[in-house]
Amino acid sequence: MPTLKLPDGSVRSVPPGTRPRDVAESIGKRLAQAAVAARVDGVVRDLDRELPDNGAGEVPFAILTDRDREALDVLRHSTAHIMARAVLRLFPGAQLAFGPATESGFYYDIDSPTPIREDDLPRIEEEMRKIIQEAEPFERFERTTPEARALVSDLGQGYKVEHIDDKFLGEPSLSFYRQGEFIDLCRGPHIPNAGKVGAFKLLSIAGAYWKNDATRKQLQRLYGTAFFSKKDLDAYLTQLEEAKKRDHRVLGKQLKLFTISPLVGSGLILWMPKGATVRGILEGFIKDELLKRGYEPVYTPHIGRLELYRTSGHFPYYRDAQFPPMYANPAASALDLAQHRLAAGVLDEKKEQEMAAFMKATGLDVWAYDSFGTQEEKLGAVNQYVLGVIEVMNLDVPDYAQAKTHAERAAVLLKWLEQQEGFLLKPMNCPHHIHIYKAEARSYRDLPVRLAEFGTVYRYEQTGELNGMTRVRGFTQDDAHLFVTPEQVEAELKSNLDLVLFVLKSLGLNDYRVRVGLRDPNSDKYVGAAELWDNAQRTLIETVQNLGLKHTIEEGEAAFYGPKIDFVVRDCIGREWQLGTVQLDYNLPVRFNLEYVGPDNRPHRPVMIHRAPFGSMERFCGILIEHFAGAFPLWLAPEQARVFPISDKYAEYGKKVEAELRQAGFRVTGDYRADNVKYKIREASVEKVPYMLIVGEKEQSAGTVSVRDRALGEGKEAELGAMPVAELIRRLTDEVKEKRIRQTSGAVAAAVEGGEKFAD
Ligand SMILES: [Zn+2]
Ligand SMILES: [Zn+2]
């Protein structure tokens, strides 16, 4: 008999065959009405599906309503079914591929004999509305796998047949969901009936490959979103509109903050003078704070020896995410890839294609590598290739020819490679900082040692993953490594969190939470003793609780060497951004044999804390551009004020005002072109210049300027009137000193309110 443990801690036993709906009804009519699905032992299940009877023990159980994020995912996936049903009615013969819920909605990949166009979307929406109106139930049923295969085949759904053949032939049975005439192979869960869909919208159509494989058929991906209420949908659509206006890639170009050149390389940010100014101010601000908190600055180079990263474990462990290693001996580069292949076996399809292209390019592709089918054939070809390189380059790789298995060959090659001088573009700063720690004998009196650097690192992100400043191939972390005694861990964590909170507040990012990532107690992928982990995890949780921070605790989210804290910030239009992390590390101190001399005069092992609270300057600035919609607060604005003489006659006075402000430390320019002032003000407003200073006869004779504050608006309301230059300087000085945040618009506030519901 299943025994359920409810969220309030109460326990109830229910007879076999009970459905979550029955439990909801026994609790209350309102709950049963609001119920969407249930979470049973961590798994979301249908409201009308019988509870599993796993015998002994209490099973955690919760009814999910429109207030739960998981229920929203169920709703959205169900809306994907409804969309597919509508499409099949309007586009007979269409075939369905995959249709999951996503972070912000859902999609379905569809192969229609008549291609679906954007202007078909209203028609599909209309059909969906009819389906929702009828509020038919989603009914789950199961078939044995052969029956299931026959069913999808009868339904004319070839992609589903292929999917079963690929993935599920070993399963005894498969589940389907039926809604009216529409039947779909699906794991579920689903909402009880279509009437639960409060509001939805189809958003766009894009191309997508079957199984995301570029060598296979291109399908159409129909995107949409759905919510429990119209209000939530409206808030989301407002947010989308706002996000479009704030896109840092667009604003970055418009405001001349940064650029990316294909010739320099995709994912490599070129900071233009204005962007560099913003970044420089931010870096200066953080540096000042670090000095106050006992950090010491260091600088380290952009590359390091492969040996260094072999010691740290970053190479070859993360090699797929790194730029290829640089060897002094060109033969080593060729053999490095082959060694990797022999050691790892055949990799994914994309990497296999790269390997084939590489072997072709070297002219050693006499074995037609890419036409081989089996793993053994491919590895055999790699082996032939290695023998070819060794012969052509006349290399001395002892024992290679005698090695019998691919693993042995890989081991022999590795030994040879390890003797070759090689370098890696720095993927992480830690190993470099560790060697600064190691450069001196350390005593417990020296600890904590806090080494900080805006350290630039490189990762080889796939081209398709790159995105403006937020996904790049080279970035500068606001990095620091702390070497502390075990007793100092808690205080240092607290001080780190303090620092992040202070900086977030300074930037008006007041809505945030932290995520505490713990190890998965059932996994053995973590290094270090259990009691060290327990201790570290407890410390992290207590620190977060003591600071009164909004937080979530997530098992399985730790790094393999220690638990961590992530910051998740919500920007002013309600989107969440993950910033950097604070991580506790017991592993690298062991790998690098770090020590300090304790009060007992014996060597002890320090603990490391890695922290880069903003992740990277690139990403952080990208987020700030979107958060402020390019209109930075005065202290960050690359151009703080612009002077406009109303005619040539007052240019001289304008230049004098400009010089006075510059003398007072402000970033100011003047516009002395012949165009009319109204036009020039408009331009400055588009360029998000906070203060516009107009000078003419009146101002010149009184020694004043007429001031417009962009934050107040675009029309007359922006006029602050004439004020003496000294008064203006006082005003600007105060605003900078207080790091005052300028305005946010009404639409934005509304979007935030709408987004609030699923905050936790
Ligand atoms: Zn489904
Ligand atoms: Zn680190």
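His481 is buried in this predicted model, because its relative accessibility of 1% falls under the 20% limit. Cys430 is buried as well, with a relative accessible area of 4%. Both residues bind the zinc ion (ligand 2), Cys430 through SG and His481 through NE2, and His610 adds ND1 as a further protein donor. The donor atoms lie 2.0 to 2.3 Å from the zinc ion. Along the chain, the donors follow the spacing C-x50-H-x128-H. Cys430 belongs to helix H15 (residues 430-437) and His481 to strand S20 (residues 474-484), so placed that the pair, 51 residues apart, links distant parts of the chain.

The nonpolar interior comes next. The largest nonpolar core has 61 residues, and those with the most contacts inside it include Leu282, Leu507, Phe567 and Phe632. Helix H16 (residues 489-506) supplies the largest share of this core, eight residues. Leaving aside residues up to four places away in sequence, Phe632 touches Leu257, Val278, Leu624, Ile625, Ala637, Pro638 and Arg742. Another core lies apart from the largest one; it has 43 residues, among them Leu72, Ala94, Cys186 and Phe228.

Two packed helices are described by the angle between their axes and the distance between the axes. For helix H20 (residues 651-663) and helix H23 (residues 725-737), the axes come within 11 Å and cross at roughly 40°. The crossing of H20 and H23 is right-handed. H20 contributes Tyr653, Val657, Glu660 and Leu661 to the contact, while H23 contributes Val725, Leu728, Ile729 and Leu732. By class, seven of these residues are nonpolar, none is polar and one is charged.

How values were computed: Residues are numbered from 1 along each chain as its sequence is written. Chains are lettered from A and ligands numbered from 1 in the order in which they are written. This is a predicted model: local features need pLDDT of at least 70, side-chain atom pairs count only at pLDDT 80 or more; totals for chains, interfaces and linings use all residues. Side-chain values use heavy atoms; hydrogens and water are left out. A nonpolar core is a set of buried Ala, Val, Leu, Ile, Met, Phe, Trp, Tyr and Cys residues joined through side-chain atoms within 4.5 Å. Buried means under 20% relative accessible area, exposed over 50%, partly exposed in between (1.4 Å probe, protein chains only). Helices (H or I, at least four residues) and strands (E, at least two) are DSSP runs, numbered from the N terminus. Contact means heavy atoms within 4.5 Å. Donors are N, O and S atoms within 2.8 Å of the metal (3.2 Å for Na, K and Ca); water is not among the atoms, so sites may look incomplete. Axes are lines fitted to C-alpha atoms, for helices over the stretch in contact, and angles run from 0 to 180 degrees between N-to-C directions. A crossing is left-handed if the near helix is turned anticlockwise from the far one by less than a right angle, and right-handed if clockwise. Ala, Val, Leu, Ile, Met, Phe, Trp, Tyr, Cys and Pro count as nonpolar, Asp, Glu, Lys and Arg as charged, and the others, Gly among them, as polar.
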